[in-house]
Amino acid sequence: MSSETETRAARSRYRKVEVRTWGDEKFRALSPMPPSGQGLWLYLITGPHTGPIPGLFRAGRAAMAEELDWDLEAFDKAFGEAFRQGMVKADFKARVMWIPKAIQHNRPESPNVVRSWGAEFDLIPECALKSEAMEALRAFVCGLGEGFAKAFNEAFGKPSGKPSTKAMPNQEQEQEQEQEQEQEQEQENQSSLRSDSSPQLALTGDASPPADLKARKAQRIQQIAEQAQEAYNRILAKPHGELAACAVLNKPRLKAVEKALPTCRAICAQLYGNERVTAAFWQALFETAAEDEFHSGRRTGGPGHENWKPDFEFLLRETVIAKLFDRAMSEAAA
């Protein structure tokens with residue numbers, strides 16, 4: 001055992017849980033687990049649907065609810081808890097589930113393990129979430145060393161040669177989708193939350209909208225705003241930068257985020273092939289602002305505005321976002 005492996009083992013303790021536990025006769029004879037976020041989480045990470053690829057598997061919403069002996073409403077409520085914590089994502093229309101941090105706790109033991117993922121990956125239905133998972137896995141596995149990177153490229157192919165820019169440096173977010181997939185994503189967006197909707201929030205594949213559509217829209221905007229707030233404070237706010245921190249996400253700031261979404265979606269669609277606004281987008285945007293003397297706050301306003309500096313709301317203006325994007329693209333072209 002290497003010193004690095006020993007260090008990780010010392011920091012964390014793991015217990016083996018057999019997948020077939022869920023089908024064991026004696027286990028199933030026990031009183032069923034009541035619907036809850038914690039119960040669903042344990043099922044997601046240990047259930048019979050799990051496969052060799054950490055965190056990525058095919059599973060239907062109704063099938064999981066039936067396996068747990070829960071009704072669909074209870075399942076949706078429990079899933080919503082885990083989703084809002086960023087613990088799980090799902091495209092229930094394609095029946096794809098993704099646990100982003102699973103790879104951190106289930107690192108491949110060797111490059112050959114990574115190579116074995118290829119056949120299993122082909123069985124996962126095509127969708128934007130599958131592409132997102134692959135690029136996240138690529139970023140993690142390639143960070144383990146040259147041998148792992150080579151194995152991943154052999155199993156999944158090399159990353160696309162799509163050019164990056166300073167404004168959007170996170171290549172793990174880039175998604176090369178076939179035209180058919182893009183049309184599917186567009187239809188799904190239109191049938192769910194148009195204001196920055198995503199298949200992760202479309203918990204059903206029904207044509208009729210969910211009864212709690214308004215609440216889900218508010219939750220999604222809250223999530224996007226929190227991602228923007230975190231990136232802004234980490235990159236531009238004191239003590240890391242020159243600007244005042246965004247300490248509270250009040251109604252005006254949430255409204256500012258919502259108002260900026262059309263421009264943000266258009267930029268994400270152009271760069272990533274997907275309208276979904278991610279945490280990587282905000283990081284890239286504020287990193288671009290940090291490179292500019294004015295938008296970073298290193299140079300104050302003109303005469304009469306000597307003490308003025310940009311703030312969180314100012315940088316969320318659609319005109320400002322567009323200008324920063326234009327500047328980044330122009331520099332990349334140059």
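These are legends for a set of close-up views of one predicted model.

**View 1. The whole chain, before we zoom in.** This predicted model has 15 helices and three strands in its single-chain tally of secondary structure. Out of 334 residues, 44% count as buried. The chain exposes about 18300 Å², and carbon and sulfur atoms supply 50% of that area. Take the contacts with a separation of 6 or more: 67% of them join residues 24 or more positions apart.

**View 2. Helix α11 crossing helix α12.** Here we look at α11 (residues 213–235) against α12 (residues 251–272), which pack at an angle of about 95 degrees with their axes 9 Å apart. An angle from 65 to 115 degrees counts as roughly perpendicular, so that's the label for α11 relative to α12. On the α11 side, the contact is made by Lys217, Ile221, Gln222, Ile224 and Ala225. The α12 side brings in Leu254, Val257, Glu258 and Leu261. Sort the residues of this contact by type and you get six nonpolar, one polar and two charged.

**View 3. A cis proline in the loop between α11 and α12.** Stay with the two helices of the previous view and look at the loop between them, where proline 239 sits. Most peptide bonds are trans. The bond from lysine 238 to proline 239, though, is cis, and its omega is near 5 degrees.

**View 4. Aspartate 69, with a positive phi.** Most residues other than glycine have a negative phi. Aspartate 69 goes the other way: its phi is near 65 degrees. You'll find aspartate 69 in the loop between α4 (61–68) and α5 (72–84). Is aspartate 69 buried or exposed? Its relative accessible area is 59%, and since the cut-off for exposed is over 50%, aspartate 69 is exposed.

**View 5. Arginine 95, another non-glycine with a positive phi, shown with alanine 63.** Arginine 95 has a phi of about 65 degrees. Its spot is the loop between β2 (89–91) and β3 (96–98). With a relative accessible area of 44%, arginine 95 is partly exposed. Also in this view is alanine 63, a residue of helix α4. Alanine 63 counts as partly exposed too, at 47% relative accessibility. Along the chain, alanine 63 and arginine 95 are 32 residues apart, and 10.0 Å separates their C-alpha atoms.

**View 6. Aspartate 292 and two arginines.** Aspartate 292 belongs to the loop between α13 (279–290) and α14 (312–315). Despite the loop setting, aspartate 292 counts as buried, at 18% relative accessibility; the cut-off for buried is under 20%. Which residues does aspartate 292 touch, leaving out those up to four places away in sequence? They are Arg298 and Arg327.

**View 7. Two cysteines, no disulfide.** How many disulfides does a search of the whole structure find? Zero. Cysteine 127, shown here, is buried, with a relative accessible area of 3%. Cysteine 246 is buried as well, at 1% relative accessibility.

Note on methods:
Residues are numbered from 1 along each chain as its sequence is written. This is a predicted model: local features need pLDDT of at least 70, side-chain atom pairs count only at pLDDT 80 or more; totals for chains, interfaces and linings use all residues. Side-chain values use heavy atoms; hydrogens and water are left out. Axes are lines fitted to C-alpha atoms, for helices over the stretch in contact, and angles run from 0 to 180 degrees between N-to-C directions. Helices (H or I, at least four residues) and strands (E, at least two) are DSSP runs, numbered from the N terminus. Angles under 35 degrees count as roughly parallel, over 145 as roughly antiparallel, 65 to 115 as roughly perpendicular and the rest as oblique. Contact means heavy atoms within 4.5 Å. Ala, Val, Leu, Ile, Met, Phe, Trp, Tyr, Cys and Pro count as nonpolar, Asp, Glu, Lys and Arg as charged, and the others, Gly among them, as polar. A disulfide is a pair of cysteine sulfur atoms within 2.5 Å. Buried means under 20% relative accessible area, exposed over 50%, partly exposed in between (1.4 Å probe, protein chains only). Accessible areas come from the Shrake-Rupley method with a 1.4 Å probe; for residues, only the protein chains shown count as cover.
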